[in-house]
Amino acid sequence: MSGLIGALLHATNFRTPFLRTLIPSIGLAYGLQAACAIPSIIFQTERYYDLSGSLTYLSCTALSLSLPLLRARYATPGAALPGLLEILRAANWRQLALSAAVTFWAARLGSFLFARITADEGRDSRFDGLRESAPKFFGAFAAQATWVSLCLLPVLAVNSIPATALAALPAFTLTDIRGLLLYVGGITFEATADRQKNKWVEEKKAKKHSEEFLTRGLWSKSRHPNYFGESTLWTGIATTAAGVMLTGAGQAGLGLSGSLLAKAGVLAMAGVSPAFVTFLLLKVSQLYIRLSWSELTTIPGIRCPNE
């Protein structure tokens, strides 16, 4: 195993720190989704589809956070692999904060969606007509790997910057605070909307009401409050990440020149995450809604994470 890890690290030892983290992380995303796709196709079950997406987020985030220290250890003959506490101590607080933000979101979403599909006896109508076709079903997993890769891009970028470079930044900046507040507000909004909708669905199943649409709580203010929360939290992550990558320390740590073009590039890397999520929520999901508005169910693969 040690030899395999060393070979993979050597094969991905690119010139810039960013590529040294980006390529292995994206490779892991597609590898994990392929590994989950195979048994799902064999048994024609989508029970673990959403859960596998959340686990892929968690795994890729953890890998990106540990890679710099892992590479340093492998450059020293005879050095032991780093433990969790060593990895956490070696990282900058901004890297830890962004990684924790993704971890909390993925754990909450994964457990929520897994509980939902378990309550529905492991069936999800999004996969009707897909689970029976191996190529189409595999395509749903490949699309999920793409979703993970694009949304994680700003976090992967920040985690690739050496912690020593980030130590030169001020303790806190307004961009840090704004981004983290947006994240907290967004995930609180999303979780609250999920809880309200879940309670409404349970009450409807129990014949406590016959309402066609949910119009209470946050759902009385917005047609899709969970979508709003999802877009907002990723905007918060991108804001904090962009604030880091635009600094001189961030540019140098990424292996960039600090030119206007380089700064425009990191802004694009940060912005692709909320832009892609918002595109899915506002455009793709609205084209492919199959059930009633209250069910909010869209096609798999190009999935709105908290539909």
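**Pocket, core and loops, question by question**

Modeller: Let's start with the second largest pocket: H3 gives the largest share of its lining, 5 residues. Please keep in mind that this is a predicted model.

Biologist: Happy to. Which helices each supply at least two residues of that lining?

Modeller: Helix H1 (2–11), helix H2 (17–43) and helix H3 (49–74) do. The pocket holds about 300 Å³ of space. Among its 16 lining residues, Ile5, Leu9, Leu63, Leu67 and Leu70 are the closest to the centre.

Biologist: By class, what is the lining of the second largest pocket made of?

Modeller: There are 13 nonpolar residues, 2 polar ones and 1 charged one. Leu and Ile count as nonpolar, so the five residues closest to the centre, Ile5, Leu9, Leu63, Leu67 and Leu70, belong to the nonpolar class.

Biologist: Now to Ser54, in helix H3. Why is Ser54 called buried?

Modeller: Its relative accessibility is 3%, and buried means under 20%, so Ser54 counts as buried.

Biologist: What makes the link between Ser54 and Gly110 a polar contact?

Modeller: The side chain of Ser54 reaches the backbone nitrogen of Gly110 at 3.2 Å. The cut-off is 3.5 Å, so the distance of 3.2 Å falls within it. Leaving aside residues up to four places away in sequence, Ser54 touches Ala106, Leu109 and Gly110.

Biologist: Glu46 is in the loop between H2 and H3. How do you know whether Glu46 is buried or exposed?

Modeller: Again from the relative accessibility: it is 1% for Glu46, and the limit for buried is under 20%, so this loop residue is buried. Beyond four places in sequence, Glu46 touches Ile117, Gly122, Arg123, Asp124, Phe127, Arg131 and Phe137.

Biologist: How far is Glu46 from Ala106 in space?

Modeller: The two are 18 Å apart, C-alpha to C-alpha, and 60 residues apart in sequence.

Biologist: Gln44 is in the loop between H2 and H3 too. What makes the phi of Gln44 stand out?

Modeller: Phi is near 50° there, a positive value in a residue other than glycine. Most residues other than glycine have a negative phi. Lys207 also has a positive phi, about 65°, although it is not a glycine.

Biologist: Why is Gln44 called partly exposed, and why is Lys207 called exposed?

Modeller: Gln44 has 38% relative accessibility, and partly exposed covers the range between 20% and 50%, so Gln44 counts as partly exposed. Lys207 has 74%, and exposed means over 50%, so Lys207 counts as exposed. Lys207 sits in the loop between helix H8 (174–205) and helix H9 (225–245).

Biologist: Ala206 is in the loop between H8 and H9 as well. What makes Ala206 partly exposed?

Modeller: Its relative accessible area is 45%, which falls between the 20% and 50% limits, so Ala206 is partly exposed. The C-alpha atoms of Ala206 and Ala140 are separated by 33 Å.

Biologist: Which residues have the most contacts inside the largest nonpolar core?

Modeller: Tyr57, Trp105, Leu152, Trp234, Ile237 and Met245, in a core of 45 residues. A second, separate core of 6 residues includes Tyr49, Phe127, Ala140 and Phe141.

Biologist: And what does Leu152 touch, beyond four places in sequence?

Modeller: Tyr57, Cys60, Thr61 and Val102.

Terms used:
Residues are numbered from 1 along each chain as its sequence is written. This is a predicted model: local features need pLDDT of at least 70, side-chain atom pairs count only at pLDDT 80 or more; totals for chains, interfaces and linings use all residues. Side-chain values use heavy atoms; hydrogens and water are left out. On a 1 Å grid over the protein atoms alone, a cavity is a set of points where a 1.4 Å probe fits but cannot get out, and a pocket is an open set with protein on both sides within 12 Å along at least five of seven lines; lining residues have an atom within 4 Å of a point. Grid points are joined across faces, edges and corners, and a volume is the space filled by probe spheres set on the points. Helices (H or I, at least four residues) and strands (E, at least two) are DSSP runs, numbered from the N terminus. A nonpolar core is a set of buried Ala, Val, Leu, Ile, Met, Phe, Trp, Tyr and Cys residues joined through side-chain atoms within 4.5 Å. Buried means under 20% relative accessible area, exposed over 50%, partly exposed in between (1.4 Å probe, protein chains only). Contact means heavy atoms within 4.5 Å. A polar contact is a pair of N or O atoms within 3.5 Å; within protein, one must be able to donate a hydrogen and the other to accept it, and residues adjacent in sequence count only if both atoms are side-chain atoms.
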